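User: I'm new to reading protein structures and would like to go through one step by step. Can you take my questions as they come?

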Amino acid sequence: MHFDDLVNGFPNLTTTGLTQGAIYALIALGYTLVYGVLRLINFAHSEVFMFGTFGAMWTWGWLGFGSTSGRPGLGTAIMLIALGLVVAAVVSGATAVVVELVAYRPLRRRNAPPLAFLITAIGASFVLMELMGAATGRIQFGMPPLLPSNPVINVGGWRITPLQLATFVVALVVMFALDTFVQKTRFGRGIRAVAQDANTAALMGVNKGKVIALVFLLGGLLAGVAAVFHNMKTGNTRFNVGFLIGLKAFAAAVLGGIGNLRGALVGGLLLGLVESYGSALFGSNWTNVIAFVVLVVLLMFRPTGLLGESLGRARA
Amino acid sequence: MSAVTDLWHRVTGFFNQSKPARIGLIVVFVAFLYVLPNREFYEYLNIPGVWIPLYTTGNDMAFVLFTCTWTILLALGLNVVVGYAGLLDLGFFGFFAVGAYTVALMTSPESKLITEYNWFESPYPWLVTVPIAIALALLSGVLLGWPSLRVRGDYLAIVTLGFAEVIRIIAKNQDWILNGDRGIPQVGHPPGTWPDGTPIFQFDAKPYYWLALTMVIVAVFLIRNLVRSRVGRAWVAIREDEDAAELMGVPTFRFKLWAFAIGAAVGGISGSLWAGYNNFVNSATFSVENSILVLAAVLLGGAGNQAGAILGGFLVVYVPEWLRSVGDVFGWPKTVRVFDINLDVSPTSLRYAFFGVLLIVVMIFRPQGLWPNRRRAAEFKDRRQAVVVGEGVG
Amino acid sequence: MDRKPLLEVDNVTLRFGGVVALDQVNFTLYEGEILGLIGPNGAGKTTCFNAMTGVYLPTEGQIRFRGEQISGRKRFRITKMGMARTFQNIRLFPEMTALENVQVGADAHHRTSVPSALLRLPRHWQEEKQGRALAEEVLDFVGIRHRIHEVARNLPYGDQRRLEIARALATRPTLLCLDEPAAGFNPAEKASLLELIRKIRDSGVTVLLIEHDMRLVMGVTDRIVVLEFGKKIAEGSPAEVRDNPKVIAAYLGVPDAA
């Protein structure tokens with residue numbers, strides 16, 4: 001136990017935690033959207049995220065920015081990040097929709113039981129991960145340095161790096177946009193209607209198939225955004241990068257109350273913070289243990305997560 | 001075609017009606033399984049017409065079969081939890097780890113329990129530690145189940161997944177006893193010597209396979225006893241309507257806990273067998289991917305049916321292994337150049353991708369699994385007939 | 001009536017948030033009788049049932065069964081004490097056979113559990129045999145012996161209702177609570193159900209009957225308790241209840257199929 005580390009580093013641990021938490025939250029939203037509408041743990045979502053990391057990396061590489069190139073100017077960097085975001089979001093979104101079309105839709109047509117969905121999800125996850133593994137030789141790839149590492153804010157030891165700021169701002173903007181989309185637009189109403197009662201929604205003229213595809217697409221887009229910031233934060237990616245982060249993002253979704261969009265945000269940020277504080281307190285080896293212990297303990301006391309399930313209705 | 005199906009129906013009909021015939025068939029099949037790892041025997045097994053071997057060439061056949069068998073044990077244990085009691089457990093490999101580590105810690109002369117903590121003077125023989133391993137796995141099943149069985153459905157899945165991950169990370173980081181990534185070497189082997197005095201259980205996988213196969217048979221019979229008793233009825237009742245079961249006098253929590261404990265105990269046996277063969281235990285084997293693979297085995301084979309679990313456990317290990325061999329036989333290219341990149345397309349590399357496709361295809365065309373039990377099969381048929389409103393619109 | 005009280009519902013109040021589902025309900029059920037619990041839709045009949053069988057915990061008041069306080073006990077324990085029930089919307093175990101369904105009920109009194117089942121100890125074997133015999137006997141008693149190996153979900157509706165009763169009887173109850181057992185029955189089926197309920201009482205089981213169909217209730221019950229909006233508004237013999245102006249206003253006053 002290193003209490004002094006926790007106390008001394010508290011401001012910076014908080015920023016690190018919130019940044020990581022924002023990434024978790026973006027991925028968690030993908031799980032929560034799909035779960036809210038289909039009651040399905042989209043196990044392949046971690047691979048959707050992983051495809052995004054490669055999409056961004058390849059774009060940068062294609063433009064001549066590899067792990068060995070020098071840091072570009074700020075303008076170029078912002079351009080590259082923006083381009084990376086677009087490509088990663090498109091790649092992840094497309095992957096998610098393909099997974100839905102190939103792995104889940106045929107099962108829904110046949111009214112298969114929930115466990116069958118879980119297995120195809122696992123199967124899809126294997127396929128995506130292994131194909132990428134085979135295509136990339138299962139090695140780790142480095143990222144080009146994009147943003148300068150000297151802090152933009154430095155107040156008495158409390159530092160915020162440009163990357164942290166960018167992550168947090170972009171994540172919040174994206175999540176706000178999603179929330180508005182779901183609450184205010186016609187498509188959003190369709191999503192909420194299907195989440196509440198798919199069959200009635202269908203009778204009321206909501207196109208269920210389209211809504212479901214849309215939900216996968218949205219989840220994929222958000223995962224793509226998360227992928228870019230993950231790339232910049234860790235500085236590398238590999239074919240199995242999605243597994244652990246996907247697991248944790250799912251934990252975050254459950255923590256906040258799966259099916260609940262704001263819950264995913266709360267869960268993600270909370271998980272990021274807890275990990276950050278916990279790793280200072282117990283050592284970074286234990287980061288993952290802390291995440292799961294918190295999850296398990298919380299579920300004991302609040303079996304439906306912090307904010308409860310709500311995209312549709314709570315399930316008994 | 002119809003002649004073939006007709007013959008098939010007549011054959012299956014005969015075995016369904018005649019109990020001695022059925023038992024005879026099972027005995028012959030079990031005997032076949034015991035001789036299977038002998039090269040002289042399996043060399044002749046191939047797909048007739050085209051020369052594709054049914055055995056594996058990438059790894060020693062006996063080793064592959066042993067891997068199949070301990071996976072089958074795991075699948076049988078998990079089948080109790082998922083198939084009968086209907087509890088989704090994604091962290092089943094944790095119990096395997098408990099079994100393996102218990103054996104390793106007690107039988108290795110390099111165990112820190114001996115070298116540093118002086119809990120005991122010298123390593124115990126393997127056989128003595130197996131019951132302890134089972135007991136500890138059972139206990140950990142109860143300890144995990146006690147708090148987590150209060151949550152339902154998908155939440156239980158994530159809690160158990162978390163548990164397996166925690167066990168793995170503890171095993172990885174924990175330096176005091178489990179030795180972190182360096183692991184525990186020199187794990188004890190099962191006892192016994194051949195007539196010429198050499199130990200039976202050393203590095204040849206064959207005797208381990210026989211031992212594991214025997215354990216599978218024992219486990220099948222014991223679990224069958226449970227399933228055909230009030231215990232099995234209680235499990236199925238819980239799976240079908242937990243509240244109604246409770247109101248009919250079924251202590252649901254207690255039986256769910258039992259399902260967890262029994263599944264865990266079987267998982268512990270599997271772990272202790274594996275540790276006995278592998279001679280070395282560290283955290284690398286206990287990944288969550290493996291838990292998921294075992295779950296896939298159960299559902300692929302057909303949840304709620306022991307034969308299905310066995311088939312599933314066999315397939316998830318054997319199919320990827322076999323695909324490697326097929327690649328060797330046909331001399332498929334190992335790499336393909338696309339643009340400037342060498343793509344590794346050897347079956348060895350792609351086997352899990354194939355396996356993933358297999359999972360998807362099987363679930364689309366047979367969501368009840370390859371060999372479901374009669375009851376589950378009926379359930380699925382009903383589901384299919386129920387038309388989903390709105391799906392046609394989408 | 002100076003018979004022994006079997007079930008005492010003592011000033012039971014049940015609130016869900018601000019809604020009062022049961023308001024100081026009081027009644028006593030005596031051994032060997034058939035008590036009808038009636039009231040218009042939403043009067044709190046099923047809620048009362050659920051409070052008795054341990055599904056809900058009363059906010060205030062006590063429920064005593066054979067002199068023992070039962071509210072707050074585990075639901076399966078209440079069943080073991082001798083109170084069994086059926087459900088308004090059938091809740092059988094759909095994929096189990098009729099026999100297995102009833103066996104689950106019979107298992108309530110099994111003493112042997114996992115260890116002896118694992119090894120098939122003689123004592124366990126004995127209990128399994130007894131359980132099966134009891135199950136067959138009960139299936140015979142309710143008249144669906146011929147359905148013994150059929151899967152519950154494939155049974156005709158009426159037989160499913162009977163199977164529920166059989167499953168409840170297999171727990172060897174002293175009190176059987178039937179929640180609208182005649183729902184969806186035609187007159188002929190109702191008549192034979194009436195006969196079955198009498199037969200159950202004659203075999204020594206006390207019956208609490210929730211029912212909508214007044215003719216059925218009047219025909220078979222010894223006494224009737226009437227609920228309206230969670231309150232007891234009348235209690236007495238069928239004749240007394242029929243003539244009670246409050247009941248007529250609340251229940252019989254509205255046009256009813258009966």
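User: Is A:R39 buried, partly exposed or exposed?
Analyst: Keep in mind that this is a predicted model. A:R39 sits in the loop between α2 (10-38) and α3 (45-62) of chain A. Its relative accessible area is 23%. Buried would need under 20% and exposed over 50%, so A:R39 counts as partly exposed.

User: What is unusual about the backbone there, and what is the phi of A:R39?
Analyst: Most residues other than glycine have a negative phi. A:R39 isn't a glycine, yet its phi is positive, at about 55°.

User: Which loop holds B:N279, and is that residue buried or exposed?
Analyst: B:N279 also has a positive phi, about 70°, without being a glycine. You'll find B:N279 in the loop between α12 (252-278) and α13 (288-301) of chain B. Its relative accessibility is 19%. The cut-off for buried is under 20%, so B:N279 counts as buried.

User: How does the radius of gyration of chain A fit a compact globule?
Analyst: Chain A has 316 residues, and a compact globule with that many would come out near 20 Å. The value for chain A agrees with that, because it is 19 Å.

User: What share of chain A is buried?
Analyst: Chain A is built with 12 helices and four strands. Its C-alpha atoms fill a box of roughly 60 × 45 × 35 Å along the principal axes. Of its 316 residues, the buried share is 58%.

User: Which helix gives the largest share of the largest nonpolar core?
Analyst: That core has 226 residues, and A:W60, A:Y104, B:W235, B:V281 and B:F286 have the most contacts inside it. The largest share, 17 residues, comes from chain B, from helix α4 (residues 61-84).

User: What does A:W60 touch, leaving out residues up to four places away in sequence?
Analyst: A:W60 is one of the residues with the most contacts inside the largest core. Leaving out those sequence neighbours, its partners include A:F65, A:M143, A:P144, A:V228 and A:M232.

User: Which chains share the most contacts?
Analyst: Two pairs of chains are in contact. Chain A and chain C aren't joined by any contact, and their closest C-alpha atoms lie 14 Å apart. The pair sharing the most contacts is chains A and B.

Key. Residues are numbered from 1 along each chain as its sequence is written. Chains are lettered from A and ligands numbered from 1 in the order in which they are written. This is a predicted model: local features need pLDDT of at least 70, side-chain atom pairs count only at pLDDT 80 or more; totals for chains, interfaces and linings use all residues. Side-chain values use heavy atoms; hydrogens and water are left out. Helices (H or I, at least four residues) and strands (E, at least two) are DSSP runs, numbered from the N terminus. The radius of gyration is taken over C-alpha atoms; the globule rule is 2.2 Å times the number of residues to the power 0.38. Buried means under 20% relative accessible area, exposed over 50%, partly exposed in between (1.4 Å probe, protein chains only). Contact means heavy atoms within 4.5 Å. A nonpolar core is a set of buried Ala, Val, Leu, Ile, Met, Phe, Trp, Tyr and Cys residues joined through side-chain atoms within 4.5 Å.
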